[in-house]
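Thanks for coming. I will take a few minutes to walk through one model, chain by chain and then contact by contact.

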Amino acid sequence: MNAATSVFSHIDYLVAVALFLSGAWILLTSNNLVKKIIGLNVMETSVFAFIVTTGMIDDGAPPLLAAGVEGPFASPLPHALVLTGIVVAVSVTSLALVLVLRIKAELGSVELDEIESVGEHDDSAGPGGGSG
Amino acid sequence: MSPIELLDLVLLALLLTCAIGIARLKDLAACAILFSAYSFILCLVWAHRGAPDVAMTEAAVGAGITTVLFLTVISRVGRREK
Amino acid sequence: MNAWRTGRILTTVLIGALAVPLMYGVLHLPPPGQADAPAHSNVSAKYIEHGAEHGGSENLVTGVLLNYRALDTFGEVLVIFTAWLAVAAVAGTARQTGHESTPPSPIVDYVIRMLAPFIAVFALFVIVNGHVLPGGGFQGGVLLGAMLILLSLAHGGEPVADVVSLRTWIWLRAAGVLVFALVALLGLPLTGYLFGLPTDPTLRHALMIVLELGIGIGGGAVLGGLYFSIAGVERS
C-alpha cells in the first residue's frame, strides 16, 4: 500500500527514468545512425523532464512576478538550466546529423553493419571504395 | 483524482507510447514525426508544471527545428531502416 | 549477424539491470511538488525572494539567465556558435543543387508566406518582453530560427540563404557572443564586476534588452545556419 502511493507520487520521476532507459536502448541497439541520434534526443529530453520536475511545486505559479500572483512559485533555476540545455541539444544533434551525412557520402551507407563491411572491402580494394 | 491529474497521467502515458513507438518502428520518417509528437506532449506537460519559458522553447526546437533537421537528413540517406 | 543479436540481448539485459537502481533511487527522492524539498529551499528561495530587485526582471528565469548565471549563459552562447562553426567545417561550403525536384504546393507556399511576418513580429515581441512575460533571448531566437527554416522549406533554401551575404550571416551568427562579451566588459567600469549590470533601472533595462536582442538574433541566425549547412544550401 505504501509502495503503491510512493509510486503514484513519484510517477513523474519514474516516467523520466523509463524514457531515459528507452532512449538508451534505442541508442545502443539500433543499427541505423539516424535512429541512434533520435534515441540520443529521447535521452536528452528525458533528463530535461526530470530537471523541470524537480523545480515544480504543487499548485504553484510560473516564476513570473508581474502577474500579481501570490503564493508558491516554481523554482526558476531548473528552468534556466533546461533552457540553455535545449539549445545546446539542438546544436549537438545538428553536428551529429551533419557527420552522418558525411559518412553517407564517404561510405555510402548509414547502417553500422554495412559500414563495417565497407571497411573490410577497403583492405582489398584500397581507399575510396565507397559509392560516395 | 482531479481532472488535471488525470490529464497529466494521460500525457505521461502518451510519452511512453511515443518512446516505445520510436524503438519499434523501422520507418525513420515515422520515427522523426513520432519524436515531434513526443516533444510537443512534453511541452504540454511542462506548460502546466509552471515552466512556460521551457515549454515555448521546446515547442519551437523539439517539435519544430529538430524534426525538420531529421527529415532533411532522412530524405538524403533513405527512410528505411534495415 | 548472430553476434549482433547476442549483443542486442545483452544490451537489453544491461538496460534492465540499470533500471533497478535508477527506479529505486528516484523512489527515495522527495516527491515532486513539495515546497520543503531541497530543490526549493536553498538558492531557489533566495532567487524568488530577491530576484526581482537583484536582476531587474519580473520574469525570474530571465533574471537567473542574465544575472545570477550570466557566465553560464555566455558559455552556452559560445557553445552554439562553436557548434555552427563545426557543422559548417564538416559540411563544407559546396552548394548541392538538383536534389530539390518537387516545388511545394501553392497552399503551403502561400500559408508560409503569410505566416512568416507574424512569426517574426512575435519573436521580436518575445525577445523584447523577456523580462516581464515568459520569453527572452533564447525563446525568441529559436522562433526566428524556425521562421528562417520555414521560409527555406517553402522556397528551397537558396533564396533565403541569399538574403544577405555570407559575411553578414557570420556577423549575425556571432552577434550573441559579441554583444554578450561587450556587455560583460561594460560591467567592469559600470559596476566593478565582469558580467555586472548597473543598479540604475533605466540603464540596466536598456542593457538587458540589448543583451536579449543579441542572444535572440545570434541564436536565430545560428539555427538557420545549421539548417542551411545540413540542407546543403549554405552560401559560399
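I will start with confidence, move to the folds of two chains and their contacts, and end with two single residues.

What you see is a predicted model. It scores an ipTM of 0.92 and a pTM of 0.90. Chain A averages a pLDDT of 84, with 86% of its residues at 70 or above. For chain C the mean pLDDT is 86, and 95% of the residues reach 70 or more.

Within chain A the confidence is uneven across the elements. Helix H3(A) has the highest mean pLDDT, 94, and helix H5(A), residues 112-125, has the lowest, 69. Over residues 124-132 of chain A the pLDDT stays under 50. The model still gives that stretch 13 contacts beyond four places in sequence. Where pLDDT is low, the predicted coordinates should not be read in detail. Please keep that in mind for the end of chain A.

Now the fold of chain A. It has 5 helices and 0 strands, so I can skip any discussion of sheets. Read along the sequence, the pattern is α-α-α-α-α. Of the 132 residues, 51% are buried. Among contacts in chain A with a separation of 6 or more, 44% join residues 24 or more positions apart.

Next, one helix pair in chain A. How are H2(A) and H3(A) oriented relative to each other? H2(A) covers residues 11-29 and H3(A) covers residues 33-55. The two pack at an angle of about 165 degrees, and their axes are 7 Å apart. An angle over 145 degrees counts as roughly antiparallel, and H2(A) and H3(A) are therefore roughly antiparallel to each other. Their crossing is left-handed.

On the H2(A) side, the residues that meet H3(A) include Tyr13(A), Leu19(A), Phe20(A), Ile26(A) and Leu27(A). On the H3(A) side, they include Ile38(A), Leu40(A), Val42(A), Met43(A) and Phe50(A). Asp12(A) in H2(A), and Lys35(A) and Lys36(A) in H3(A), are also part of this contact. By class, the residues of the contact divide into 14 nonpolar, 5 polar and 3 charged.

Chain B can be described briefly. It has 3 helices and 0 strands, in the order α-α-α. Its C-alpha trace spans about 45 × 25 × 10 Å along the principal axes. Of the 82 residues in chain B, 51% count as buried. Residues 24 or more positions apart account for 50% of the chain B contacts with a separation of 6 or more.

That brings me to the contacts between chains. First, A with B: 39 residues of chain A are in contact with 34 residues of chain B. H2, H3 and H4 of chain A each supply at least two residues to the side of chain A that touches chain B. Which of them gives the most? That is H4(A), with 12 residues. The residues on this side of chain A divide into 25 nonpolar, 11 polar and 3 charged.

Second, A with C: here 43 residues of chain A are in contact with 48 residues of chain C. The elements of chain A giving two or more residues to this side are H1, covering 2-9, together with H2, H3 and H4. H4(A) again supplies the largest share, 16 residues. The side of chain A that touches chain C divides into 27 nonpolar, 12 polar and 4 charged residues.

Finally, the two single residues. Glu114(A) is found in helix H5 of chain A, the element with the lowest mean pLDDT in that chain. Is Glu114(A) buried, exposed or in between? A residue needs 20 or more C-beta neighbours within 10 Å to be buried, and 12 or fewer to be exposed. Glu114(A) has 14 inside 10 Å, so it counts as partly exposed. Its C-alpha atom is 9.9 Å from that of Asn32(A), although the two residues are 82 apart along the chain.

The other residue is in chain C. Phe195(C) lies in the loop between helix H10, residues 175-191, and helix H11, residues 201-231. Its phi is near 65 degrees, a positive value in a residue other than glycine. Phe195(C) has 19 C-beta neighbours inside 10 Å, and because buried starts at 20, Phe195(C) counts as partly exposed.

Definitions and conventions:
Residues numbered from 1 in each chain as written. Chains lettered and ligands numbered in written order. Predicted model: local features only at pLDDT ≥ 70, side-chain atom pairs only at ≥ 80, totals over all residues. Axes fitted to C-alpha atoms, helices over the stretch in contact; angles between N-to-C directions. Helix = DSSP H or I, 4+ residues; strand = E, 2+ residues; numbered from the N terminus. Parallel < 35°, antiparallel > 145°, perpendicular 65-115°, else oblique. Left-handed = near helix turned anticlockwise from the far one by under 90°. Contact = placed C-beta atoms within 7 Å. Nonpolar A, V, L, I, M, F, W, Y, C, P; charged D, E, K, R; others polar. pLDDT = per-residue confidence, 0-100.
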